[in-house]
Amino acid sequence: MQKYILIFLVSMKALQASSQNFAIGLDKMNVFYIGVDNPLTIVVQNYSLKDIIIKVDNGTVSNDYGSYVYRAGKVGKATITLFVKTNGKLKKIGSNYFRVKNFPDPIFKIGSGRDNVSKAEIAGQLYVRAELEGFDIDVRYQIDSFWVCIVSSDTCKFVTKKNIGNKLSDEIREDFQRLKPNDMVIFKKIFIKRPDGVSSELIPKMVTILE
């Protein structure tokens, strides 16, 4: 039902050419995003979609058994234009314009993701992760590397070690087993790979061990 409501609302805003009504609507988000499939709904009054020719000036639109998917080429704007072939010539039905953006940076998390955790929680973790909050699209980020800095609360001494990938090394997990109340664990120089393959550095994450 929500999908049909979306089509109706987009139809009200759609451009009209030669009294031809059409709608191009995004199924999940209000913008296109780089590096993922962006589902589309396309409706043209009085025409079967098999007779419609779709052109886009930024990226590609594919048709998989009636389900349209847009893949962005670059950040900026994308224009999707619909045509119908009449007497051997292309007749333009109309165009819609959409924004194309990168996903925002995700949040680095370990365990519950809280800033204050017990020793048992952090010492029991095998993996860390990078999550994007508040999006309907399931986006997965690859963690390439990060550094772990443990600051002792009673001696102010600290140790720093590098970790490759999202799985915690045995050496770092052993350090977590020796944590004490009020110790701080700082995750920094966190490098991830975005869905479009571009590397990015996340803001550091600091975790305090509860008493």
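**Surface, strands and one loop residue**

The accessible surface of the chain amounts to about 12,400 Å², and carbon and sulfur atoms account for 51% of this area. The model is a predicted one. The chain has 211 residues, of which 40% are buried. Its secondary structure consists of 3 helices and 16 strands. When contacts between residues at least 6 apart in sequence are considered, 57% of them join residues at least 24 apart.

Strand β1 covers residues 22-26, and 5 of its 5 residues are buried, so the strand is largely enclosed by the rest of the structure. The side on which a residue points does not alter this result: F22, I24 and L26 point one way from β1, A23 and G25 point the other way, and all are buried. The strand β1 is joined by 5 bridges to β3, which spans residues 38-44, and the two strands run antiparallel. Within this pairing, F22 has V44 of β3 as its bridge partner. F22 is thus placed in two ways, as a buried residue of β1 and as the bridge partner of V44.

A further group of strands forms an open sheet. This sheet contains 4 strands in the order β2-β8-β7-β4, and the pairing is mixed. The edges are taken by β2 (32-33) and β4 (52-56); each has a single partner strand, so one side of each is left without a neighbour in the sheet. For the edge strand β4, the pairing with β7 (residues 76-86) is antiparallel and includes 5 bridges. In this pairing, I53 is found opposite F83 of β7.

Outside the strands, S169 was examined as a single position. S169 lies in the loop that runs between β13 (158-164) and α3 (170-177). The relative accessible area of S169 is 25%. Because buried means under 20% and exposed means over 50%, this value makes S169 partly exposed. A polar atom of the S169 side chain lies 3.2 Å from the backbone nitrogen of I172. This distance falls within the 3.5 Å limit for a polar contact between N or O atoms. S169 can also be placed relative to L126: the two residues are 43 residues apart in sequence, while their C-alpha atoms are 8.3 Å apart in space.

Notes. Residues are numbered from 1 along each chain as its sequence is written. This is a predicted model: local features need pLDDT of at least 70, side-chain atom pairs count only at pLDDT 80 or more; totals for chains, interfaces and linings use all residues. Side-chain values use heavy atoms; hydrogens and water are left out. Buried means under 20% relative accessible area, exposed over 50%, partly exposed in between (1.4 Å probe, protein chains only). A polar contact is a pair of N or O atoms within 3.5 Å; within protein, one must be able to donate a hydrogen and the other to accept it, and residues adjacent in sequence count only if both atoms are side-chain atoms. Two strands pair if DSSP finds at least two bridges between them. Contact means heavy atoms within 4.5 Å. Accessible areas come from the Shrake-Rupley method with a 1.4 Å probe; for residues, only the protein chains shown count as cover.
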